[in-house]
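Let's take a friendly walk through the inside of a protein model. Have the sequence and the 3D view at hand, and follow along strand by strand.

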Amino acid sequence: RSAGLVALALLLACAGAAPSGPLFEPLPVPAEGRLLLYVYRQDEVRSGGSVRVSLTGGGSAGSLRDGEYLVLDLAEGAHELALTLRAGWGLPRGWNRVRLEAGADRVLYVHVWADLDEVASGPAAAEAGGDFGAPGRASRAAALNVFASRLPTAQALPAIRACRRAAPDAP
């Protein structure tokens, strides 16, 4: 009986609380020379854990659970996001990087999600040509990783409207 309670406590600790911040509300378009970057997370598979969002050379911007978004006010130009999927106890489970160039756009949307990134071993893996994992992974077992894609405003808005604002990291 006590083992069942311990297992339930661990499951609840790994699942985390549901997003509770305010629903998405777009901010005004920034002034010339500035960029608003919305990073939102909607997973295809239930993965738990959080995705740490960092700007290369600029430190952590915050963490996203499924159904949350962050908004970053940046200088226009090129930026790189480092994404780390963290499982229970904060251990890194997957990672990725996304390079962004704003161009004429002053508002950008990046969809982040966790999904399986490798083909299971066996005939399916052999037919597909081997590993499909993140750099540094040598196994052929299914693994969870974090992915990201920049989306046009018209495609991102319907999805991000269902998200709640995550608390940003303190400066």
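The report below covers the nonpolar cores, the aromatic pairs, the strand pairing and two buried polar residues.

## The model and its main core

Please keep in mind that this is a predicted model. A good place to begin is the largest nonpolar core, which has 24 residues. Within this core, L37, V53 and L81 have the most contacts. Eight strands each give two or more residues to the core: β1 (34-41), β2 (50-55), β3 (59-64), β4 (68-75), β5 (78-86), β6 (92-101), β7 (107-116) and β8 (144-151). The largest share, four residues, is that of β7. As a general background, nonpolar side chains tend to be buried together in soluble globular proteins.

To see how one core residue is surrounded, centre your view on L81. Leaving aside residues up to four places away in sequence, L81 touches L37, V39, V53, S54, L55, L72, N96, R97, V98, L100 and V110. Apart from the largest core lies another core, of 12 residues, and among them are Y40, Y69, A156 and I160.

## Aromatic pairs

Aromatic rings deserve a stop of their own, since the structure holds five aromatic pairs. One of them is formed by Y38 and Y109, which are stacked with 5.1 Å from centre to centre and 10° between the planes. Y38 belongs to strand β1 and Y109 to strand β7, so this pair ties together parts that are 71 residues apart in sequence. Are these two rings buried or exposed? Y38 counts as buried because its relative accessibility is 1%, and Y109 counts as buried because its value is 5%.

Another stacked pair is made by W113 and F147, with 5.9 Å centre to centre and 25° between the planes. Here too distant parts of the chain are linked: W113 is in strand β7 and F147 in strand β8, 34 residues apart. F147 has 23% relative accessibility and therefore counts as partly exposed. Returning to Y38 and Y109, you will find both in one aromatic cluster together with F24 and Y69.

## β2 and its neighbours

Next, turn to β2. Why can this strand be called largely enclosed by the rest of the structure? Five of the six residues of β2 are buried, so the surrounding structure largely encloses this strand.

β2 runs antiparallel to β5, and six bridges join the two. One place to look is V51, whose bridge partner in β5 is L85. β2 also pairs with β3, again in the antiparallel sense, over five bridges; S54 stands opposite S60 of β3. Three residues lie between β2 and β3, which form a hairpin. In the turn of this hairpin, G57 has a positive phi of about 80°.

## The open five-stranded sheet

An open sheet of five strands can be traced in the order β8-β7-β1-β4-β9, and its pairing is mixed. Which strands stand at the edges? These are β8 and β9 (164-165), each with a single partner strand, so one side of each is left without a neighbour in the sheet.

Inside this order, β1 and β4 run antiparallel and are joined by seven bridges. L36 stands opposite D73 in β4.

## Two buried polar residues

E80 sits in strand β5. With a relative accessible area of 18%, E80 is buried, because the cut-off is under 20%. The side chain of E80 makes a polar contact with the side chain of R99 at 3.1 Å. Not counting residues up to four places away in sequence, E80 touches S54, L55, T56, R97, V98 and R99.

H111 lies in strand β7 and is buried as well, with a relative accessible area of 14%. What lies 3.0 Å from a polar atom of the side chain of H111? At that distance you will find the backbone oxygen of Q42. Apart from residues up to four places away in sequence, H111 touches Y40, Q42, F147, A148, S149 and L151.

Note on methods:
Residues are numbered from 1 along each chain as its sequence is written. This is a predicted model: local features need pLDDT of at least 70, side-chain atom pairs count only at pLDDT 80 or more; totals for chains, interfaces and linings use all residues. Side-chain values use heavy atoms; hydrogens and water are left out. A nonpolar core is a set of buried Ala, Val, Leu, Ile, Met, Phe, Trp, Tyr and Cys residues joined through side-chain atoms within 4.5 Å. Buried means under 20% relative accessible area, exposed over 50%, partly exposed in between (1.4 Å probe, protein chains only). Contact means heavy atoms within 4.5 Å. Rings of Phe, Tyr and Trp (its six-membered ring) pair if their centres lie within 6.5 Å; planes under 30 degrees apart count as stacked, over 60 as edge-to-face and the rest as tilted. Two strands pair if DSSP finds at least two bridges between them. A polar contact is a pair of N or O atoms within 3.5 Å; within protein, one must be able to donate a hydrogen and the other to accept it, and residues adjacent in sequence count only if both atoms are side-chain atoms.
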